[in-house]
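Trainee: Could you take me through one strand of this model in detail, with what surrounds it and what it pairs with?

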Amino acid sequence: YQLLVQTIREHAIACELQEGGALLLAKTASETRSLAEHARAYRQTGKSVQLWEDAELAAKIKTDFYPAGLFLPHWSLLHPGKLMRGLKTVVESLGVVVYERTPVQRIRQGKIIELTCGSGQARAAAVILATNAYSRHLHEYFRDKVFPKRAQMYATEPSSEPRMMEMPTGCDDGNAYF
């Protein structure tokens with residue numbers, strides 16, 4: 001994370017980086033226990049997190065609907081598309097060749113990695129695959145490495161003050177972001 005933020009700043013990548021932290025919210029006793037476990041795990045890795053419960057949480061978010069919340073001050077938000085475009089510009093300036101819109105149909109690993117594409121093959125000592133979890137041609141390669149996970153993003157009008165976004169009805173992931 002720190003290396004990414006340093007790279008964003010060093011190269012002035014305009015990706016709307018906001019370092020306000022994130023608040024994960026629990027709605028049930030089970031989710032509260034899970035947040036407590038997450039807090040312990042973060043602390044074991046040296047990360048400073050804050051577990052807020054009941055009245056303490058209600059005072060911070062102005063509602064008593066959630067019994068617990070885990071504040072992660074080290075989390076940030078950014079625009080992933082703008083980050084990728086900025087990183088592409090940086091690595092190309094360093095001489096890296098970036099192949100886009102080149103569907104990979106097969107990956108063969110070895111000392112040299114071989115990628116089979118519709119229009120030919122590419123070979124390299126190292127490869128970065130930027131894809132989504134539904135890359136059907138690579139299902140064998142990703143079988144034990146990647147699984148689909150639903151992610152949601154909500155946008156509001158720009159604000160100079162950090163604030164919690166209200167999650168719409170039916171959103172069950174328990175997350176809210178500042």
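Mentor: Let us begin with the pairing, bearing in mind that this is a predicted model. Strand β1 is joined by 5 bridges to strand β3, which spans residues 68–72, and the two strands run antiparallel. Within this pairing, Leu25 stands opposite Gly69 of β3.

Turning to burial, β1 covers residues 22–26, and 5 of its 5 residues are buried. In a regular strand, side chains alternate between the two faces of the sheet. In β1 both faces are covered, since Ala22, Leu24 and Ala26 are buried on one side, while Leu23 and Leu25 are buried on the other.

Ala26, which lies in β1, deserves a closer look. Ala26 counts as buried because its relative accessibility is 0%, where the cut-off for buried is under 20%. Setting aside neighbours within four places in sequence, Ala26 is in contact with Glu31, Thr32 and Leu35, and also with Tyr66, Pro67 and Ala68. Of these contacts, Pro67 is 41 residues away from Ala26 along the chain, yet their C-alpha atoms are separated by 6.3 Å.

Strand β1 also takes part in covering a helix, α3, for what covers the buried residues of α3 includes β1, β2 (50–53) and β3. Helix α3 spans residues 54–61, and its buried residues are Leu57, Ala58 and Ile61. Seen down the axis of α3, these buried residues fall within an arc of 100 degrees, and they therefore line one face of the helix. Just after α3, Lys62 adopts a positive phi of about 65 degrees.

Definitions and conventions. Residues numbered from 1 in each chain as written. Predicted model: local features only at pLDDT ≥ 70, side-chain atom pairs only at ≥ 80, totals over all residues. Heavy atoms only, no water. Buried < 20%, exposed > 50% of the residue type's maximum accessible area, 1.4 Å probe, protein only. Helix = DSSP H or I, 4+ residues; strand = E, 2+ residues; numbered from the N terminus. Pairing = 2+ DSSP bridges. Contact = heavy atoms within 4.5 Å. Arc of directions from axis to C-beta.
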